[in-house]
Amino acid sequence: MQSSLKKSLYLGLAALSFASVAAVSTTASAKSAAKVTSDKVLTTDATKRNVNLTGTNAIYTKPGTVKGAKVVATTTTAKNLNKSTTSHENFRAYRVAKTNRGSIYYKVVSYNKVYRGWVYGGKSADTFAGGLTSYDTFKEGTLTADQKSGTYKLKNAGKTTDGLTYKQPAWTQYKIGKTIADTTAYKDATFSVDKVGTRTREGDTWVHVVNQNTADTKADGWILLSNLTQTNAFNKASQVKVNINNLKGETLKSFNYNVGTNATNTNAVDGTVYNSTATPEHFAQGFADTVNNALAGTGYKVDGDNALNHVANLKSGSTLTIYATEGTQKPSTVSVFAQYPDTPSINQVKVATADQTKDGVADAATAQNLINQPAATTLFTGVEGKSFTATEALAYLNGNASMKKLTSPSWTETSGSTSVTYQWVLTPSQAFAGQYGSPFSAIYTAKKTVVPATGSNDNNTDNPIANGVVSSTPTATPTATTK
């Protein structure tokens, strides 16, 4: 009996092997057929379920050893798909089944939906094996200095594929497509690049573009680098490539600077990059302004008098490397604006003076736009000139014991024989981006609050101006944004 079973299995496998080579459909023998004991949808991160066929196993309409399983793609086809040079033939696994023999099968689909079926996946559902292997469809890389500083336009804006942007590089994630159906409206838009990478099968370079008009981001997405035109491409005949490095040698910013057509030596660019008539020689004003603009918000500065920042025989087509140093730590004060329940518009809150922090004011209206200076506190500090985000500024206010709640002078309201003391309590609801060392604005929401009998009507402990927590010279009135 055992010998008969072995013979039956052998003949069944031989028939299956023959069917694979001959590329014809076959059905598992009823006598040798396995049974599916579990069949589940895969719920792990879909992007982690991209697979490639190894070519050792065919694709079937059912798990290969189950009765009625027919060949969808032979092992020969699977080997060809393994070496495919088009991302259309990437695969995604989305179901897993186990047979009573302990075999694991995965159901897969090609991105172009030409092939769909079950592939043997080994003996463990914890990893892809057998006829499948995990596959990285796209590999992110590192931007070059030129790409970081480059500005680009769409080469063929419109509805055609070479003029569109994608949520992910095309065909690298299943059913993740274009960001916008028509880019015609962006034919004159200027984009910068913030990511770069290569599709595994084609080996082509894709970049993620960001509209420099940040108010309109509908066309932001991935696009083939070859479908872009660089608007600030380096002109060797008339430009110098400028790299601004920190003292570690890391490039902070790069840009191309016009020095004149066929400038051949340092003297030819005098007055453009260097001012050699000055003592000591230093950067000319126009070049210095360009450098400062490039470094805006980074917290770094370049000293044009530093000997590190001088070169001999500078000429068009060459590279000039200059060095920047990080600024010192500087605090930023906050200009407080408030919104009151009865006045939806934003009103600037005046910095309290000594007279305004006495034991109360006449009424609620008088208390509006007056705040008691908060106690001395840890200031919002960073490298001078370095940008901070609105989120970072708001986090500082909400995380600071003195700044997360501001109060107005108190007032008393009497009704009959009952008197209640109130004050406005202000809490931060929105902050605005800025740079360390300069005041930033924040909007606080005011709420009329009863002052506890044992509580103080203010939190003033220091001279309101000298304390320097709240700016005495607020910035321009901000505009609230919808969150």
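The exercises below, each with a worked solution, concern a predicted model.

**Exercise 1. Strand pairing**

Find the strands that pair with strand S5 (residues 91–99), and give the sense and the number of bridges for each.

Solution.
- Step 1: Begin with strand S1 (residues 36–41). S1 and S5 are antiparallel and share five bridges. Within this pairing, Ser38 faces Lys98 of S5.
- Step 2: Go on to strand S2 (residues 50–53). S2 is joined to S5 by two bridges, again in the antiparallel sense. Here Asn50 stands opposite Arg92 in S5.
- Step 3: Turn to strand S6 (residues 104–110). S5 and S6 run antiparallel and are joined by seven bridges. Arg95 has Lys107 in S6 as its bridge partner.
- Step 4: Look at the turn. The hairpin of S5 and S6 has four residues between the strands, and Gly102 takes a positive phi near 85° there.

**Exercise 2. The sides of two helices**

Decide how the buried residues are placed around helix H2 (residues 75–82) and around helix H6 (residues 390–399).

Solution.
- Step 1: List the buried residues of H2. They are Thr75, Ala78 and Leu81.
- Step 2: Check their directions from the axis. The arc they cover is only 115°, so they are on the same side of H2.
- Step 3: Do this for H6. Its buried residues are Ala393, Leu394, Tyr396 and Leu397.
- Step 4: Use the arc again. These residues of H6 fall within 155° when seen down the axis, and therefore line one face of the helix.
- Step 5: Look across the helix. Thr391 and Gly399, on the other side of H6, are exposed.

**Exercise 3. Aromatic pairs**

Classify the pair of Tyr340 and Trp424 and the pair of Phe380 and Tyr436, and say which parts of the chain each one connects.

Solution.
- Step 1: Note the total. The structure holds 18 aromatic pairs.
- Step 2: Take Tyr340 and Trp424. Their ring centres are 5.0 Å apart with 75° between the planes, and the pair is edge-to-face; the cut-off for this class is over 60 degrees.
- Step 3: Place these two residues. Tyr340 is in strand S22 (residues 334–340) and Trp424 in strand S30 (residues 418–431), so the pair links distant parts of the chain, 84 residues apart. Tyr340 is buried, at 2% relative accessible area, and Trp424 is buried at 5%.
- Step 4: Take Phe380 and Tyr436. The centres of their rings are 5.2 Å apart and the planes are at 55°, so this pair is tilted.
- Step 5: Place these two as well. Phe380 belongs to strand S26 (residues 380–383), while Tyr436 is in the loop between strand S31 (434–435) and strand S32 (440–450), so the pair ties together parts that are 56 residues apart in sequence.
- Step 6: Check burial. Buried means under 20% relative accessible area. Phe380 is buried at 8%, and Tyr436 counts as buried at 12%.
- Step 7: Look for further rings. Phe380 and Tyr436 form one aromatic cluster with Phe388, Tyr396 and Phe440.

**Exercise 4. A pocket and its lining**

Describe the second largest pocket by its volume, its lining residues and their classes.

Solution.
- Step 1: Give the volume, which is about 350 Å³.
- Step 2: Find the lining. It has 20 residues, and the closest to the pocket centre are His88, Tyr166, Ala170, Trp171 and Gly177.
- Step 3: Identify the main contributor. Strand S13 (residues 221–224) gives the most to the lining, with three residues.
- Step 4: Sort the lining by class. There are 11 nonpolar, five polar and four charged residues.

Notes. Residues are numbered from 1 along each chain as its sequence is written. This is a predicted model: local features need pLDDT of at least 70, side-chain atom pairs count only at pLDDT 80 or more; totals for chains, interfaces and linings use all residues. Side-chain values use heavy atoms; hydrogens and water are left out. On a 1 Å grid over the protein atoms alone, a cavity is a set of points where a 1.4 Å probe fits but cannot get out, and a pocket is an open set with protein on both sides within 12 Å along at least five of seven lines; lining residues have an atom within 4 Å of a point. Grid points are joined across faces, edges and corners, and a volume is the space filled by probe spheres set on the points. Ala, Val, Leu, Ile, Met, Phe, Trp, Tyr, Cys and Pro count as nonpolar, Asp, Glu, Lys and Arg as charged, and the others, Gly among them, as polar. Two strands pair if DSSP finds at least two bridges between them. Buried means under 20% relative accessible area, exposed over 50%, partly exposed in between (1.4 Å probe, protein chains only). The arc is that of the directions from the helix axis to the C-beta atoms. Rings of Phe, Tyr and Trp (its six-membered ring) pair if their centres lie within 6.5 Å; planes under 30 degrees apart count as stacked, over 60 as edge-to-face and the rest as tilted.
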